[in-house]
Amino acid sequence: MAGVLNGIRVLDLTRGIAGPIATMLLSDHGADVVRIEAPGDDPFREQPGYRGWNRGKRSAVLDLKSDDDKKSFLALASQADVIIQSIAPRTTKRLGIDNDTLAKPNPRLNYCSITGYGLGNSHSDRPGYDALVAARSGLQWEQRGWVGGSAPHLAGQDPLYPDFEVSYDRLQGAPREGPIFPASRFPSLGAAYAATTGISAALRAREQTGRGQRVDTSLLQGALAAGVMAFGVAENLDAEHFMSWIGDSRSPKGLFECKDGRWVHAWPPNPRFILTAAAGDTLNATPDLTLREDPERLGLGVEEMFVLDHYYEPMAQAIRKFTADEWTEAAAIAGVCMQKIRTPEEGLTDPLLLDDGIVVELDDPEIGPIRTVGVLYNLETSEGEVRGPAPTLGQHTDEIKAEARLATPAAATDTGKRLARGPLDGIRVLDFGLAVAGPYAGQILSDLGAEVIKVNALYDWYWHSTQIAMCCNRGKRSIAIDLKNEGSHEVVERLLESADVVTHNMRYRAAVKLGIDYASIKERFPRLVYCHTRGFEHGPREELPGNDQTGACLAGVEYEDGGCGRGGRPMWSLTNMGDTGNGFLAAIAICQALFEREKTGKGQWCETAIVNAQLLNASHAIARPDGGGVERPMLDSMQTGFSAGVRLYPTSDEWICLSLTTDAHWQALAKALDLKEFASDGRFAASEARSADDEEVAKLLEHALSATSGQTSFERLDAAGVPCELAPGDAAIKLWQEPALIRDQLVAQYNHRMVGKLGHPGLAFQFSDTPTSVQGGPLLVGEDTREILADLGFDEATTDALFEAGVVGDETIYPALAKDPSQVAASPWQPS
């Protein structure tokens, strides 16, 4: 089966993580990706992840400072569809490989640039390494959150219940204060998702306009995308139901150690099931839950933190009675969200994941058979295919140069059409999504210029009053419908008739019951792109309740972020990218399906899952087919970093983060701190010596840095060219106030009727020819119902009848806006 991107030529000039992941996703769906690699060493090439991320590509070594090689590259660029690069803008200009230069002979070129911080802001010239971006953006402080959550911290307000304290054994993260260094490369992961989404949307736009364009993203935008559920600020934090216990660092997060020393993650924590199931000497998967009055479902309000604290120790003792496998099996039978926390190697050798194709086995030419992340989203006409292992350096140089000699520039195809709202201008999306994983895809599509209609239930007012729902539902219109009411059928039919895309993440049997499954509607609406996302892979786990946490357990993300490989405890980061990664993968699949529809006129089915995203998030790790590991950097148990050169250090007054990747960086550090051990003739001059005694190296640096202030150390190191950043607690506050980031909508601000002025992470991408913008703030459930019904052709009398029959509702379903609050529908999100 030909891939949806068959015939698309991509030149990949990236290093690091974000670019190779983005081009891997393109290659898996048919793009011909050619890595243009510079002669000499690439310090990132030693990453195990490169062997997975660069699979199915070709490699050519070209020296762009050489006239002959430069001529070959320009010939290739003249007929390329996509160029993606991570080179500093000044360098691309100097080399003559910038967008303006390359687009002149090839106006169909889509040119994607991944920088550290974007252009035109106070951070733009800072070094763009993952750890440093996480430090400078405040992302490291958001790993376990703040007392009271991020919202009061960013707003400069006091947290709720400031006197409530919890011991470290109940908290996530290392038993210390300060920022947490995550193993997940969140800035690069976010940038990879954003780059792939932007390129896919730009390809669709080119089918309409005939023009290519520049697509920009950055590690800063990736960090903000990762922090979408952690970052967030509001004027009125006292708004009813807005604040949640989930982002408060004091609240337990449902991680428990079992009898066998392994851990499980129960999310959300279910005291009634856990305590009842463990009441006897054997674990009962089907207990009588009417015997106890403990809560089965917790609400989202901050006060639920006290309930969790009360039940923490009883639940911990109950979990400790049985093994992790016993709990996972019992939870599956009971339909409760709980999974054993696994290593990445266990995830990569899971036969269920291998059978579904989301883990793949490759014969690497240098180290032999490996397991790595597989194809992560499928289209009906493009199931995806991993087309071989990663190439050796320069393996295809002669072949690519020969192609360059035959290259002819692409012909101009400008249609004169303008897409004023963005690359998805003219696309209508019906978003039936639930929680975060579903609606976040709709929010991305809105940021790309689509008109997104959120189809809400009448009781959704409670969920949409929370800060969590608001972070993934901006820029949408809302219609509130009781889909179980027979009177809704005509409304849904007209919505479907008007739509280009349907997306949802409800359990598929629920969609079948409602008559909105793909098989039921595809014949009537053949141009419809239909995207469904799940928690798990296809197979025995497919119908289990799944979420960000269960996917993170299966893929090894929580193991990695807790530093478990070096003695730490599992951790579910508040910036985890399972739900949001699922949303990005869905948006990528939808954009590529729309790109194909421009050529064929036909819609199609597409799909992905949260566990797929979590496998991508852990794809820095690869494994042997027998489960053995391939050496990789491992986070330390105190969650300060991977090694002495890439970690956080306390100074006399704050924290500083280093990211040293070359011998030159170490020699610069030796000079700046007067540490002769790291000079060219010192005992730690060579990388082998430093690696062999990493702990001693770290002690030397910690001693030197702790003796001076953070600002003094930073100034000395930065002046010497040592990649470093301070990691102050107010980093995110400063970011949120930067005019350039607000101007470019990297930070989004809007007014909201319930909470006043509201702010969230903004656009993850920018486009030169089809500029987009945040289309508005988070929705109020049903606020657009009457307007949408009028758009669909319902007259006023029919609309009134639909309201009277309880088929539809408007914003008066909110208690604060209702004429009779006693008639407001109860929400299943409320506590039991």
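This is a short tour of a predicted model, one selection at a time.

Residues are numbered from 1 along each chain as its sequence is written. In this predicted model, local features need pLDDT of at least 70 and side-chain atom pairs count only at pLDDT 80 or more, while totals for chains, interfaces and linings use all residues, and side-chain values use heavy atoms, with hydrogens and water left out.

**Stop 1: strand β6**

Select residues 214-218, strand β6. Helices (H or I, at least four residues) and strands (E, at least two) are DSSP runs, numbered from the N terminus. In β6, 5 of its 5 residues are buried. Buried means under 20% relative accessible area, exposed over 50%, and partly exposed in between (1.4 Å probe, protein chains only).

Which way do the residues point? Arg214, Asp216 and Ser218 point one way from β6. Val215 and Thr217 point the other way.

Now add strand β5, residues 110-115. It runs parallel to β6, and 5 bridges join the two. Strands pair if DSSP finds at least two bridges between them. Look for Tyr111, opposite Arg214 in β6.

Next, add strand β26, residues 766-767. Here 2 bridges make the link to β6, and the strands run antiparallel. Val215 has Phe767 of β26 as its bridge partner.

**Stop 2: aromatic rings**

Select Phe231 and Trp736. Rings of Phe, Tyr and Trp (its six-membered ring) pair if their centres lie within 6.5 Å; planes under 30 degrees apart count as stacked, over 60 as edge-to-face and the rest as tilted. The count comes to 21 aromatic pairs. Phe231 and Trp736 form a tilted one, 5.7 Å centre to centre with 40° between the planes. Phe231 lies in the loop between α9 (219-226) and β7 (233-234) and Trp736 in helix α29 (residues 731-736), so the pair ties together parts that are 505 residues apart in sequence. Both Phe231 and Trp736 are buried.

Then select Tyr508, Tyr518, Tyr530 and Trp605. Ring pairs link these four residues into a cluster.

**Stop 3: charges over rings**

Show Arg647 with Tyr649. Arg647 lies over the face of Tyr649, 4.1 Å from the ring centre. A charge sits over a ring if NZ of Lys or CZ of Arg is within 6 Å of the ring centre and within 35 degrees of the ring normal. Arg786 lies over the face of Phe803, also at 4.1 Å from the ring centre.

**Stop 4: helix α23**

Finish with residues 579-600, helix α23. Of its 22 residues, 19 are buried. The expected span is 1.5 Å times one less than the number of residues, so the helix should span 32 Å, and its end C-alpha atoms are 31 Å apart, which agrees. Step on to Gly601, just after α23: it takes a positive phi of about 80°.
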